[in-house]
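Me: Please take a close look at a single part of this model and explain it slowly, as you would to someone in the first year. I would also like to follow how that part connects to its neighbours.

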Amino acid sequence: MSDVQTRTEAQGGQRLFGLFRKRIYTIGQILSDAGSLAPELPSLARIWTGRGMDPAFREEIMVAVARVNNCRYCSFAHHEWALHAGLPAEELAQVEGMAPEEFDPARWIAVQYARAFTLSRSGEVSPELVEKLGEHYSKEEIADIERVVRAMTIANLTGNTVDALLSRLRGEAAEGSRVLDEVFIATIFMAVAPFVAVMLAAWRRQSPLALLRDFQNFSRDLEDTQSTH
């Protein structure tokens, strides 16, 4: 078995190649994940309208998942959304740095569970962590956390596949990745990204160009942080 195959299986079927160390999608994988989440759309709508989950808590989960999946687009966007939703900057920094000091125990366990659920790709989390989570959250609340993780992972791996295409254009194609998958998924991404950028720029009261510069700086800082770990 090759190193590439080993890494692929270790990541639950998502591909992780060579120097491009991000989980990415094929067309089949994104359609499968989106299809499996489709029945959850009413529950997701309830979550995103604030009727099923505190928006700040939702964004904490999403930021944690984006960091696990190493998606710079979602990490940046949901960093901003978390602040917009009222999450204190200090608490957001703790989520991003995985520092539990002075963190609400219940929310911290939820963040840990979201990270573990993301890494498992199969939903198999240690019984000890599941038991701890059940001490603070109902079955429906846990199901909502899992729904958020699954939706965020789809967004994350979509963004990562865009980065695989950009890497290909720089002459460094991800080993085994197909240009058809990258272009198809990048087309989906580009249909949504402009609307997200406009919303973020409006919230931050800055021009789209200023937002782009901030995103570039954020991406560099994120890469530097990850390279030291």
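Reply: Contact here means that heavy atoms lie within 4.5 Å of each other, and this is the sense in which the buried residues of helix α3 pack against α2 (27–37), α4 and α9. Please keep in mind throughout that the model is a predicted one.

Let us begin with α3 itself, which covers residues 41–48 and has S43, L44 and I47 as buried residues. If you look down the axis of α3, its buried residues fall within an arc of 100°, so they line one face of the helix. The face turned away from this buried side carries L41 and P42, which are exposed. Just after the end of α3, G50 takes a positive phi of about 85°.

From here we can follow two of the partners of α3, starting with α4. Helix α4 spans residues 55–69 and contains F57, whereas Y137 sits in the loop between α8 (127–134) and α9 (139–169), so the pair formed by F57 and Y137 ties together parts that are 80 residues apart in sequence. The rings of F57 and Y137 are stacked, with 5.9 Å from centre to centre and 0° between the planes. Because buried means under 20% relative accessible area, F57 counts as buried at 9%, and Y137 is buried too, with a value of 13%. This is one of seven aromatic pairs that a search of the whole structure finds.

The other partner to follow is α9, which also packs with α5, their axes lying 7 Å apart at an angle of about 130°. An angle of that size makes α5 oblique to α9. On the side of α5, the contact is made by R72, Y73, C74 and H78, and on the side of α9 by M152, A155, N156, G159, V162, D163 and L166. Sorted by class, the residues of this contact between α5 and α9 are six nonpolar, three polar and two charged.

One residue of that contact, Y73, also forms a stacked aromatic pair with F215, at 5.4 Å centre to centre and 20° between the planes. Y73 belongs to helix α5 (residues 72–84) and F215 to helix α11 (residues 208–227), and the pair therefore links distant parts of the chain, 142 residues apart. Y73 and F215 are both buried, and ring pairs join them with F76, F189 and F218 into a cluster.

Definitions and conventions
Residues numbered from 1 in each chain as written. Predicted model: local features only at pLDDT ≥ 70, side-chain atom pairs only at ≥ 80, totals over all residues. Heavy atoms only, no water. Phe/Tyr/Trp six-rings, centres within 6.5 Å; stacked < 30°, edge-to-face > 60°. Helix = DSSP H or I, 4+ residues; strand = E, 2+ residues; numbered from the N terminus. Buried < 20%, exposed > 50% of the residue type's maximum accessible area, 1.4 Å probe, protein only. Axes fitted to C-alpha atoms, helices over the stretch in contact; angles between N-to-C directions. Parallel < 35°, antiparallel > 145°, perpendicular 65-115°, else oblique. Nonpolar A, V, L, I, M, F, W, Y, C, P; charged D, E, K, R; others polar. Arc of directions from axis to C-beta.
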